[in-house]
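Biologist: Please take me through the model shown below, one question at a time, and give the cut-offs behind each term as you go.

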Amino acid sequence: MGLLAVLGLSMMTLAPLSECQFDDQPLRHLDDAVETRQLDNGIRLFWLPKANKQSITLASRFAVGSRHESQGQTGWAHLFEHLLFKGSRQAPGDGYSQLMNAMGASFNASTLFDDTRYYTRIPAEGLAFTLALERDRFEHPQFAAEAITNQQKTVLAEMAQTIDNQPYFRAAMTFLLSQAADTPYRHAIIGNRADILGADANSLKAFHERFYRPSRLSMALTGALPGDVETQVSTHFGNWQEPAQSPETAGFDQGAPADDAATPDFTPRAPVHGEVIDERAPWPGLLMAWHTVGRSHPDAAAIKLLELRLFQRIASSIERAGISGKQSLLHYSLPLEMEHHGMTNLVLVPRASVSLDTLAAGIEMLIDQAASEPMKGTELCQLKQLWLADYQAQLSSDETLAQWLAASPATDNAQPLLSPWLRVRDVSEDDLIRVAQRYFAGHSVRLDLKPAWHTRLGKGLLEWLPESWAEGLEELAL
């Protein structure tokens, strides 16, 4: 936990609980310092100077992620992310990495459901050089056959290491994605093997033609920025024009959902219960999930607070209910928030004497309580204070700050950093009850994660033993 978060928690314990007060002035000062522009070619630009910095952080976000991929092209956004480090007109081969390393820069990228993000930290004097390199690789990437083959192998190795070699992961991911088959998020970001191997230079050029264009780019800079930062960005990026071909004639399959398609109304989901068996797994587990809404939906802020209250915060509802420690060896929650959909998830590993059914029943009871019992005002105040402290701690990192700015929706342009907090601040007790009823109570997706039959048999026997005996054998069993 960052320093700001610790300070925020300390303030929370010292502040009088009779009044709900928030120390959001640091956030307001930060937001006031942000400058926002849109270049004539559609590029959205943010910059935020920071005193006493020796470096600059640059984040570039393209509106292309796995949800934009058509059938037969899954994983291409991620593959393309890799290829953008492997050759452009002015920096062929590994030239980009060599030039950036020589300058003392650090750089990386990530592909998500809705976008692809490139970010780098550079010495302040290297801004013009870096902007020239970025423009070159974004507009003129090379598609050498050797580079494509090498990056296909790299992506497949990543798939094997992070997904296929992990117990339960592939089966659980497939199960969850099947529950989202009616959304744009119906396949994994990393794609599937056949589609990745099917990419070639011509098809990747068509992908580039459709998605790597200025109207889909947002850029954010923070740190030791020069006074003419807007002029420098405009000089290097302002004359980048949209490709002559329209997206519809660029040779790309148009089966992917349109960016401006109206978000459908949320339809409550019926509960689902499934199971997967993995012979490699050492112990059973429980995965529970709930379909929610996209990040721009009016209910998104209340859902964030409810997730924090139930599953994530210090002394969460799970811990107060005895599920952590007495019933569960561990639990964690990594909610997914996309443009047009959301999914809260919770993974629990049971103690030796506790069944998956017992854990599931305990979680459902917590959800039902949240859907029927209003929070005390002081607890809601503390919950918001905790969210604010965590948010400000995240923004203390220049890399996270630049990515937040580059990914902020156009509707937040006037206050890109403050707006998310204002939406959370305005959540009421009634809002929490309403979203608990609408999205959580009676709408669980449950997946039982089961090991080999002999491990299940041993675990079942432990559940029948006296608790003291089961706890003594638990460590040996694991």
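Biologist: What relative accessibility does arginine 295 have?

Modeller: This is a predicted model, in which local features need pLDDT of at least 70 and side-chain atom pairs count only at pLDDT 80 or more, while totals for chains, interfaces and linings use all residues. Residues are numbered from 1 along each chain as its sequence is written, and side-chain values use heavy atoms, with hydrogens and water left out. Buried means under 20% relative accessible area, exposed over 50%, and partly exposed in between (1.4 Å probe, protein chains only). Arginine 295 counts as partly exposed, with a relative accessibility of 24%.

Biologist: How many residues apart in sequence are the parts that arginine 295 and aspartate 114 tie together?

Modeller: The side chains of arginine 295 and aspartate 114 meet in a salt bridge at 3.7 Å, N to O, a salt bridge being a side-chain nitrogen of Lys or Arg within 4 Å of a carboxyl oxygen of Asp or Glu. Aspartate 114 sits in the loop between strand E4 (106–111) and E5, and arginine 295 in the loop between strand E8 (285–292) and helix H11 (300–312), so the parts that this pair ties together lie apart in sequence by 181 residues.

Biologist: Is aspartate 114 buried or exposed?

Modeller: The partner, arginine 295, is partly exposed. Aspartate 114, with a relative accessible area of 4%, is buried.

Biologist: Why are arginine 434 and aspartate 431 separated by about one helical turn?

Modeller: Arginine 434 and aspartate 431 form a salt bridge with their closest N and O atoms 3.2 Å apart, and they count as partly exposed, at 34% for the arginine and 21% for the aspartate. Helices (H or I, at least four residues) and strands (E, at least two) are DSSP runs, numbered from the N terminus. An α-helix has 3.6 residues a turn, so residues three or four places apart point the same way. The separation of about one helical turn follows because, within helix H17 (residues 429–440), arginine 434 and aspartate 431 are apart by 3 residues.

Biologist: How many salt bridges does the count come to?

Modeller: Aspartate 94 and lysine 86 supply one further example, with the closest N and O atoms 3.1 Å apart. Under the same rule, the count of salt bridges comes to 27.

Biologist: What is the handedness of the disulfide of cysteine 20 and cysteine 381?

Modeller: A search of the whole structure finds 1 disulfide, defined as a pair of cysteine sulfur atoms within 2.5 Å. In it, cysteine 20 is joined to cysteine 381 with an S to S distance of 2.4 Å. Cysteine 20 lies in the loop between helix H1 (3–14) and helix H2 (25–32) and cysteine 381 in helix H14 (residues 377–395), so the pair ties together parts that are 361 residues apart in sequence. The torsion about the S-S bond is about 105°, so the disulfide is right-handed.

Biologist: Which of Ser218, Met219, Ala402 and Gln403 does alanine 59 touch, leaving aside residues up to four places away in sequence?

Modeller: Alanine 59 is found in strand E3 and, at 3% relative accessibility, counts as buried. With contact meaning heavy atoms within 4.5 Å, and residues up to four places away in sequence not counted, alanine 59 touches residues including Ser218, Met219, Ala402 and Gln403.

Biologist: How far does helix H5 reach from its first C-alpha to its last?

Modeller: Among the buried residues of H5 are Leu131, Glu134, Arg135 and Phe138, and what covers the buried residues includes strand E3 (55–62) and helix H10 (229–237). The expected span of a helix is 1.5 Å times one less than its number of residues. For the 13 residues of H5 (residues 127–139) that expectation is 18 Å, and the reach from first to last C-alpha is close to it, at 18 Å.

Biologist: How much accessible area do Leu329, Leu330, Tyr332 and Leu334 have together?

Modeller: Leucine 334, in the loop between strand E9 (328–332) and strand E10 (336–337), counts as exposed at 56% relative accessibility. Patches are made of residues with over 30% relative accessible area and no salt bridge, where like charges are joined within 9 Å and nonpolar side chains (Val, Leu, Ile, Met, Phe, Trp, Tyr) within 5 Å. Accessible areas come from the Shrake-Rupley method with a 1.4 Å probe, and for residues only the protein chains shown count as cover. Leu329, Leu330, Tyr332 and Leu334 form a nonpolar surface patch with a joint accessible area of about 370 Å².
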